[in-house]
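Reader: I would like a close look at one part, please: the cavities and what surrounds them. Keep it brisk.

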Amino acid sequence: MAINIVVLIKQIVDIDQLKTDPNSGEPLIQNIPLRIENLSKNSIEAAVQLKEKNGGKVTGIIFGTEKANSAMKEAYAMGVDEGFIITGYKGNNPAYTASIISNKIKELGNVDCVILGNQSADSYTGLLPGLLSTELNMNLLGNAVSISEEGGRFKIKRVLDEKDEIISAEKPCVISVTQEINQPRLPPVLQIMAAGRKPINASAAGAGNFETPKIVSNIAPKSDRKRQLFEDMDKGVAEVAKAIRGEMK
Amino acid sequence: MKFLIFSEDGSNICGIATKLRDNGEVYGVTIEGEESKCLQYGLKEVYALKGRPMGDNCFKALNKIDLTNFDRIFISSSPLGRDIAGMIASSIRSIVITEAFDFHLEGENIRTKRFFFGGKTILEEESSAKVITVQPGSFEPEKVDGNTPVTMADLEVSSITLDQEVEKERSGTDIESAPILVSIGRGIGKKEAIDQIMPLVEAVHGELSGSRPVCLDYKWLTEERQVGLSGKKVKPRVYIALGISGQIQHIAGMRGSKTVIAVNKDKDAPIFQECDYGIVGDLFQVVPKLVSALKQ
C-alpha cells in the first residue's frame, strides 16, 4: 500500500556547540548555528525507508522560523518529497506547537502516519506524540526502533526497560522514534544540488492563546568539582585510591 | 488541594507522595500488582488498573477517575507516562511541565526545575501547570503509619495490539541505590573488556553502569544500567567514569554524585571538567594499579 507519510522536523540551536558563561552560567546562544535535531534526521530516514519499501509520499513539516529553509533542503536531499515551513515558532510550548502542526496535518488530509522524534534534544519534553495523537485522533505507537506496514496496520518494535515489545495499530498512527532506529543517510551531492532547486511551501502560524510558564532562570548548574588532573598515572592512582577508601569507610 | 499521581511502577509514586502529602489529599494510580509498593506513604486512595496498559486505555481510565477533580496531576516520567501526559495536556488545556526533578508549590502556582539545552542548563519556571511529569528518583520516599485502601478499576481494551513480547534478561541490579558506581563508556573498546573492569567493581563493593552507547547501541550492558539524561539519574558517593568522554547527556545523569573520578586517554575529554580526580591514561593500565592500591 502506498503510504502518505508526514514527518515532523525540528530545527534547533546546535547544542553541542553551545557554551555557558563561566561566571553567570547563562547560555551563550548568539552566533550558535542551527541544525536539524538528530532525532528529526532519524525520523526522516524512517519515513523515507517506509516510502522506499511501500511506495507513497513523504511530506515534511517544520514549525520554526525564516531560517528553516536550509533544514528543509537537507530533508529534501534525504528523500522528503514536499515541504512546509510554518514560521512563528517562539520557543518551547508543546501545546501551541501541537495545535499548529495538527491543523496543518488536517489541512493536508488523508495522512496515514505522522513520524516524529520521541523527545527532542534541546527541550526534552516528549509531549508532542501524545498531544498529536489526541488532537488528530490517531493511534499512538511510541518509541519505535523499527517500523513496518502491512494491510493498513503499522507495526513497531519498542524497547522498554524490562522487555522488548512488538505492537501494532490500524492507520492512521502517530509514530515516535528513538535514535536507535537507524543511521540517517548522508545524501549524495547530486541530490543535495537538486534539493536546492526544489520549492518550499511557507506560511505563518496563526496566533494562539496559550499560556507559557514564567522563566525564573535558565543557567548552567554550578559545578564545584575539584578538577585535580593527573598525567602521572602512579600519582593519580595513589590519590584516587585514597579518595575511594575515604568514602568506603 | 487534591493531587493525583500516576506511575505504572508503584514504587515511583512513593517519593512524589511524600513530597505532596502535607499539602493536601494525594491519590495514586498504578497497574494491578504494583499497588502494594505504595500503600504506606500517606496516600488517601490507590487505584489499581487491571488489564494491559497502553497509552490510550490508561488515559481513558484516568478520565474515568475524573481528572477535573484534581488540582494537579503528577506523572512519573517513562515512555508510557510521557505518552499519557501529552494526551492529558491536549484534553485539559493546561501548561504541562515535563521531566521536573524538583518542584515547590507556591500558592496557586508551582515552581519547577528541569534540564534544558540537552542538560547544559537548568530551567527554573513558575506556572499554573496542572500536569507535571517527574523524573523517577527525584524525591526520597518516607513511610508513614496507616495503610492506603485500594480500588480496582478495569482498563478497556486498547486499540494498540501487543503482537509479541520478548522478556529481557535482567540482573535485578539497582544502580540508583549503589554507594559506588564503576561506569564504562565507549573507551573500553569491546564487551569482553568488561572482564578487566570487574576486579575494580569488586574491590570497591560497587555496581557496574554505563553510558548510552554502551547500553543501547553496542548492548555491552543492559539498559537498566544506563546512566544519563535518558537513562538513570544516579547519586552515588563515588562515581568512577572509565573511558567516558562526558557528553552533557551523560553528565546530566551523574551530576548528583558526591565524588567523581574519571579515567580517559584524551586530556581534553569534557569529563575532566566534571570530575574531582582525573587520571589521563590508558584505563587498562590504571584499573589494575588502582585495584592493587585499594587492596593494600
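**Cavities and the sheet**

Author: Start with the second largest cavity, where β5(B) provides the largest share of the lining, three residues. Bear in mind that this is a predicted model. The volume of this cavity is about 140 Å³. Its lining has 16 residues. Nearest its centre lie N93(A), P94(A) and P213(A) from chain A, with I95(B) and V96(B) from chain B. Two elements each supply at least two lining residues: α3 of chain A and β5 (96–100) of chain B. By class, the lining splits into eight nonpolar, five polar and three charged residues.

Now the wider count. The structure has four cavities of 30 Å³ or more. The largest has a volume of about 360 Å³. Its lining counts 25 residues, and those closest to the centre are K10(A), T97(A), L116(A), S120(A) and L128(A). Six elements of chain A each give at least two residues to this lining. The strands are β1 (3–9), β6 (56–64) and β8 (113–117). The helices are α1 (38–54), α3 (94–108) and α4 (128–135). Helix α3(A) contributes the most, three residues. Twelve residues of this lining are nonpolar, eleven are polar and two are charged.

Three of these lining strands also belong to a sheet. The sheet is open and has ten strands, with mixed pairing. Its order is β13(A)-β7(A)-β6(A)-β1(A)-β8(A)-β12(A)-β9(A)-β10(A)-β11(A)-β11(B). The edges are β13 (201–204) of chain A and β11 (161–167) of chain B. Each has a single partner strand, so one side of each lacks a neighbour in the sheet. From one strand to the next, the twist averages 30°.

Take β8(A) more closely. It pairs with β12 (residues 173–177) of chain A in the parallel sense, over five bridges. Across that pair, G117(A) stands opposite V177(A) in β12(A). Helix α3(A) packs on the sheet. It touches β1, β6, β7 (82–87), β8 and β13 of chain A. Its direction makes about 150° with that of β6(A).

So α3(A) ties the picture together: it packs on the sheet, gives the most to the lining of the largest cavity, and supplies at least two residues to the lining of the second largest.

Terms used
Residues are numbered from 1 along each chain as its sequence is written. Chains are lettered from A and ligands numbered from 1 in the order in which they are written. This is a predicted model: local features need pLDDT of at least 70, side-chain atom pairs count only at pLDDT 80 or more; totals for chains, interfaces and linings use all residues. Side-chain values use heavy atoms; hydrogens and water are left out. On a 1 Å grid over the protein atoms alone, a cavity is a set of points where a 1.4 Å probe fits but cannot get out, and a pocket is an open set with protein on both sides within 12 Å along at least five of seven lines; lining residues have an atom within 4 Å of a point. Grid points are joined across faces, edges and corners, and a volume is the space filled by probe spheres set on the points. Helices (H or I, at least four residues) and strands (E, at least two) are DSSP runs, numbered from the N terminus. Ala, Val, Leu, Ile, Met, Phe, Trp, Tyr, Cys and Pro count as nonpolar, Asp, Glu, Lys and Arg as charged, and the others, Gly among them, as polar. Two strands pair if DSSP finds at least two bridges between them. Axes are lines fitted to C-alpha atoms, for helices over the stretch in contact, and angles run from 0 to 180 degrees between N-to-C directions. Contact means heavy atoms within 4.5 Å.
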